[in-house]
Amino acid sequence: MNKLAVLFLFATMFIACDSDTVFSESKAMDGHWGADEVVEFKLPQLDSLKKYNLFLNIRNTNEYKFNNLFLSVSVNFPHGKTITDTLEYRMANPDGSWLGQGIGNVKENKLWFKEHVQFFEEGEYTVDIAQLMRNNGAVEGVTKLEGITDVGFSIEEATKQ
């Protein structure tokens with residue numbers, strides 16, 4: 001048992017030391033993602049001289065009934081400015097097999113949001129994520145989006161290439 005604990009600790013340290021991730025947070029959804037439910041992330045103070053890549057992290061199960069995902073993502077700046085993007089991400093291949101990583105029923109998708117972003121303003125930034133899904137031909141949005149178990153946001157230091 002002690003050897004297993006030491007191996008786990010070593011693997012965790014190795015992964016943590018090799019990662020460019022400076023922020024990662026995920027919020028569990030309560031069985032569904034409501035149409036009016038906005039998931040908010042408060043970002044830590046980041047170095048204004050560094051550039052960062054931003055990612056959305058979505059975990060889905062086989063109960064997710066769509067092959068894509070429409071999202072509204074707003075970045076709220078400390079001094080009142082807001083930038084909102086409407087995004088579409090593909091979640092499944094044409095044959096219906098899920099994209100993303102994972103074994104079994106749950107797949108985790110790390111989705112590019114923005115790259116080489118700098119956070120020049122001092123103060124608290126927040127990111128708001130909302131789902132914008134609709135059934136084909138429907139005007140109203142999906143009120144309870146089933147199959148999304150977690151919504152996350154992560155920031156990685158951009159590596160020079």
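Start with the whole protein chain: 37% of its 161 residues are buried, meaning under 20% relative accessible area with a 1.4 Å probe, protein chains only. You're looking at a predicted model, where local features need pLDDT of at least 70, side-chain atom pairs count only at pLDDT 80 or more, and totals for chains, interfaces and linings use all residues. Residues are numbered from 1 along each chain as its sequence is written, and side-chain values use heavy atoms, leaving out hydrogens and water.

Now switch to cartoon view. You'll find 1 helix and 10 strands, in the order α-β-β-β-β-β-β-β-β-β-β along the sequence. These are DSSP runs numbered from the N terminus (helices: H or I, at least four residues; strands: E, at least two).

Next, go for the largest nonpolar core, which has 37 residues. Such a core is a set of buried Ala, Val, Leu, Ile, Met, Phe, Trp, Tyr and Cys residues joined through side-chain atoms within 4.5 Å. Select Trp-33, Leu-56, Tyr-64, Phe-113, Ile-129, Leu-145 and Phe-153, the ones that touch the most other members. Elements giving two or more residues to this core include strand S4 (52-60), strand S8 (126-131) and strand S10 (148-157).

Zoom in on Leu-145. Which residues does Leu-145 touch, not counting those up to four places away in sequence? Light up His-32, Trp-33, Tyr-64, Phe-66, Leu-69, Gln-131 and Met-133; contact here means heavy atoms within 4.5 Å.

Last stop: His-116, in strand S7 (residues 107-117). Its phi is near 55°, a positive value in a residue other than glycine. His-116 is partly exposed (between the 20% and 50% limits), with a relative accessible area of 43%.
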